[in-house]
Amino acid sequence: VTTIIPPLPPGVDPLRVLGVDYLNARPLWEAFRGDPRVDLKLAPPSELARALAENEADVGLLPVAAAATMGELRLLRNMALGARGKVRSVAIVSERPIHELDSIALDLSSRTSVVLTRLLLERRKLSPKLFGARPEDAAKAVGDRTGALIIGDPALLLEHRYAHRLDLAQEWFEWTGLPFVFAAWFARPDAVSREQEDLFRIAKQKGLARTDQIAAEHAARSGLEVDSLREYLTASMRYDLGDEELAGLERFWAEAAKAGLLPAVTPSFDEPRVSASRPTLDSILSRAADGERLSASDGVRLMGEGSFFELGLAADAVRRRKHPKDVVTYIVDRNVNYTNVCTTSCRFCAFYRPVGHPEGYVLSREVLGKKLQEVKDAGGVQILLQGGLNPDLRIEWYEDLFRWMKSEYGLGLHALSPEEIIHISQIEELSIRRVLERLHASGLDSVPGGGAEILVDRVRRKIAKAKCSSSEWLEVMRVAHQMGLRSSATMMYGTVDTLEERIQHLVKIRDLQDETGGFTAFFCWDYQHENGTHLPPGENGTHLYLRMQAVARLMLDNVDHVGASWVTQGPAVGQVALRFGADDFGSVMFEENVVSSAGTTFQIGAEAIEKRIHEAGFKATRRNVRYDWLTEPS
Ligand code: SF4
């Protein structure tokens with residue numbers, strides 16, 4: 001049978017559809033191939049939410065956990081990836097019964113399955129240690145008392161390998177009597193017309209009619225048995241999204257929100273639209289103050305519509321709940337910029353000099369030694385070492401420097417932001433992991449969160465073309481956290497970024513934190529537009545800074561600390577920031593060249609910091625990079 005696909009009328013753009021290159025998803029998108037009405041792309045599940053949020057796609061086959069974090073989406077009716085009972089492709093495998101496990105490695109490629117795992121463990125009152133693993137490594141972690149959450153082909157390939165296997169959809173069904181929905185087509189509001197929605201229904205019909213061929217093709221590629229795959233696609237997987245599935249989905253969202261794993265979603269499943277209903281500002285604020293997870297659209301509404309004082313009150317409530325003793329920390333350290341030579345040419349940066357410029361410098365050991373000694377003499381505990389991307393400095397230079405700093409001065413080394421790590425990996429042609437391993441072995445203790453700016457590529461391309469992408473920045477942090485290194489997370493807004501993009505930035509930090517738990521704290525500040533910068537200022541000012549920090553405190557429910565950015569805003573604003581969610585007053589600054597090159601130079605010592613903290617009504621204590629208290633709060 002030949003299907004005649006009508007061409008697109010002139011001036012009409014094809015619908016941008018993102019599918020997932022998983023076997024079980026193919027029946028839903030395969031028929032779009034070659035259809036001019038649809039621009040089909042495939043992406044890993046973790047990319048879909050980002051692409052939808054950043055308007056790079058109109059519709060995505062979005063995991064339902066990710067959909068809950070976004071809010072304000074339209075769910076296309078009657079199509080989903082789900083199971084009623086055993087699904088076979090999502091399971092915890094182990095050599096012992098699950099209640100005897102000490103730990104479980106989680107394949108993090110499906111956030112929905114990770115949330116479901118947590119819910120099912122909680123229901124059984126089990127609390128093994130959970131740790132993330134790459135999809136190809138999760139099963140390798142299975143040991144005497146370690147199990148693994150495995151997903152997709154590995155779960156099918158290893159179906160009969162282990163003594164124990166907990167099928168998550170089966171377990172869910174036994175608990176709730178409802179099907180489980182893993183993913184469904186979610187669209188940006190108003191992106192899909194009724195006619196376009198029909199395309200999805202027709203594609204599904206065509207795809208399901210081809211399950212035999214899909215199974216055969218996948219068997220040839222994967223080595224799995226064709227009969228087993230056919231049975232999987234036709235009996236285990238369910239592609240409908242009827243009333244029962246919607247009830248299962250609603251229950252999952254409700255259970256995950258109750259456990260604090262996902263934002264509360266209030267779905268309204270009326271035809272023809274299915275979307276989260278619009279909560280009131282009051283309800284968002286009180287949910288946030290109670291520690292519930294907020295969606296991206298909740299964050300946008302708070303930034304756009306929340307009153308200044310209510311945002312402050314809610315953020316302060318979160319700060320008090322997380323840090324009930326009214327103690328504000330600070331650190332005695334020093335920011336040393338070891339070189340100003342840089343190839344990135346960020347338009348907001350007045351500090352760097354291009355390669356070969358007469359004002360370019362690399363600090364000598366003599367100068368560095370003097371600075372480090374001053375830190376030691378002042379009772380400092382660490383050095384924050386950052387610089388430009390200088391192509392003349394090879395990895396051995398950093399290794400020698402770190403070893404020397406450690407052996408001579410014994411200070412903590414909070415060094416090299418992700419951009420610098422990526423730069424070293426590129427000039428050395430080494431993986432990020434290898435670079436971090438070598439630097440860690442030479443003395444690197446933790447990774448500063450500089451260079452994040454706004455983790456949205458549209459913004460990054462505009463403020464510095466050569467900047468690493470947001471996913472590259474996050475990947476460095478992911479690897480560092482997996483190695484046990486801790487880091488801060490930062491945000492510089494107020495260039496070309498929009499309110500929505502600032503919230504996306506926060507969601508990305510929160511998502512990675514869910515995965516690794518490696519961020520100790522969050523700091524934000526606005527772009528300092530002054531001498532030598534080449535970018536006109538966007539939105540900025542004290543009012544916006546305090547709002548931004550308060551919303552960050554509310555959105556980042558899984559990050560313990562928020563630091564007041566008094567270096568850019570001034571100490572008095574820093575004091576107010578302590579009532580807008582911050583519990584840390586940052587660092588005693590000896591110098592900070594990137595900001596001070598732009599003309600912003602606030603410098604205060606430890607005594608003055610403590611005085612500021614006391615004036616704001618808090619006790620003060622010194623901390624280290626992991627936020628351990630080093631002095632008795634007073
Ligand atoms: S901000 Fe950093 S990466 Fe960008 S130009 Fe300045 S020194 Fe280079």
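Is R88 buried or exposed? In this predicted model, R88 counts as buried because its relative accessibility is 7%, under the 20% that marks a buried residue. The legends below begin with the whole chain and then turn to individual regions, including the loop that holds R88.

**Figure 1. Overview of the protein chain, with its 26 helices and 21 strands.** The C-alpha trace spans about 80 × 50 × 50 Å along its principal axes. The radius of gyration is 26 Å, which agrees with the value near 26 Å that a compact globule of 634 residues would have. Of the 634 residues, 59% are buried. Among contacts with a separation of 6 or more, 76% join residues that lie 24 or more positions apart.

**Figure 2. The largest nonpolar core and the surroundings of F522.** This core has 112 residues, and those with the most contacts inside it are L436, L439, F522, L554 and F585. Helix α22, residues 542-555, gives the most to this core, with nine residues. Another core, of 86 residues, lies apart from it and has L75, L149, F200 and V265 among its members. Beyond its neighbours up to four places away in sequence, F522 touches A489, T490, M491, H505, L506, A552, L556, V559, H561, V562 and G563.

**Figure 3. Strand β17 and its two parallel partners, β16 and β18.** Strand β17 covers residues 486-493; seven of its eight residues are buried, so the strand is largely enclosed by the rest of the structure. Strand β16, residues 446-447, pairs with β17 in the parallel sense over two bridges, and R486 in β17 is the bridge partner of S446. With strand β18, residues 519-526, the parallel pairing of β17 runs over seven bridges. Here S487 stands opposite F519 of β18. Together with helix α21, residues 499-516, strands β17 and β18 make a right-handed β-α-β unit.

**Figure 4. Cysteines C349 and C524 in a model with zero disulfides.** The count of disulfides comes to zero. C524 is in no disulfide, and the nearest cysteine sulfur, that of C346, is 19 Å away. C524 counts as buried because its relative accessibility is 0%. C349 also counts as buried, at 10% relative accessibility.

**Figure 5. Helix α2 and the elements that cover its buried residues.** Helix α2 spans residues 45-53, and P45, L48, A49, R50, A51 and L52 are buried in this helix. The cover over the buried residues of α2 includes β1 (15-19), β3 (59-63), α3 (64-70), β10 (180-187) and α21. Just after the helix, N55 takes a positive phi of about 55°.

**Figure 6. Strand β4 and the loop that holds R88.** Nine of the ten residues of β4 are buried, so this strand is largely enclosed by the rest of the structure. Strands β4 and β10 pair in the antiparallel sense over six bridges, and A187 in β10 is the bridge partner of R74. The loop between β4 (74-83) and β5 (90-94) contains R88. Although R88 is not a glycine, this residue has a positive phi of about 75°. Most residues other than glycine have a negative phi.

**Figure 7. The loop that holds E429.** E429 is found between α17 (418-428) and α18 (432-442). Its phi is positive, near 55°, in a residue other than glycine. E429 counts as exposed because its relative accessibility is 74%, whereas R88 of the previous view counts as buried at 7%.

**Figure 8. G147 in strand β8 and its contacts.** Strand β8 covers residues 146-151 and includes G147. G147 is buried, with a relative accessible area of 0%. Leaving aside neighbours within four places in sequence, G147 is in contact with V93, S94, L101, S103, I104, A105 and V142. From G147 to R96 the C-alpha to C-alpha distance is 8.1 Å, and the two residues are 51 residues apart in sequence.

Methods
Residues are numbered from 1 along each chain as its sequence is written. This is a predicted model: local features need pLDDT of at least 70, side-chain atom pairs count only at pLDDT 80 or more; totals for chains, interfaces and linings use all residues. Side-chain values use heavy atoms; hydrogens and water are left out. A disulfide is a pair of cysteine sulfur atoms within 2.5 Å. Buried means under 20% relative accessible area, exposed over 50%, partly exposed in between (1.4 Å probe, protein chains only). A nonpolar core is a set of buried Ala, Val, Leu, Ile, Met, Phe, Trp, Tyr and Cys residues joined through side-chain atoms within 4.5 Å. Helices (H or I, at least four residues) and strands (E, at least two) are DSSP runs, numbered from the N terminus. Contact means heavy atoms within 4.5 Å. Two strands pair if DSSP finds at least two bridges between them. A crossover is right-handed if, with the strands pointing away from the viewer, the path from the first strand over the helix to the second runs clockwise. The radius of gyration is taken over C-alpha atoms; the globule rule is 2.2 Å times the number of residues to the power 0.38.
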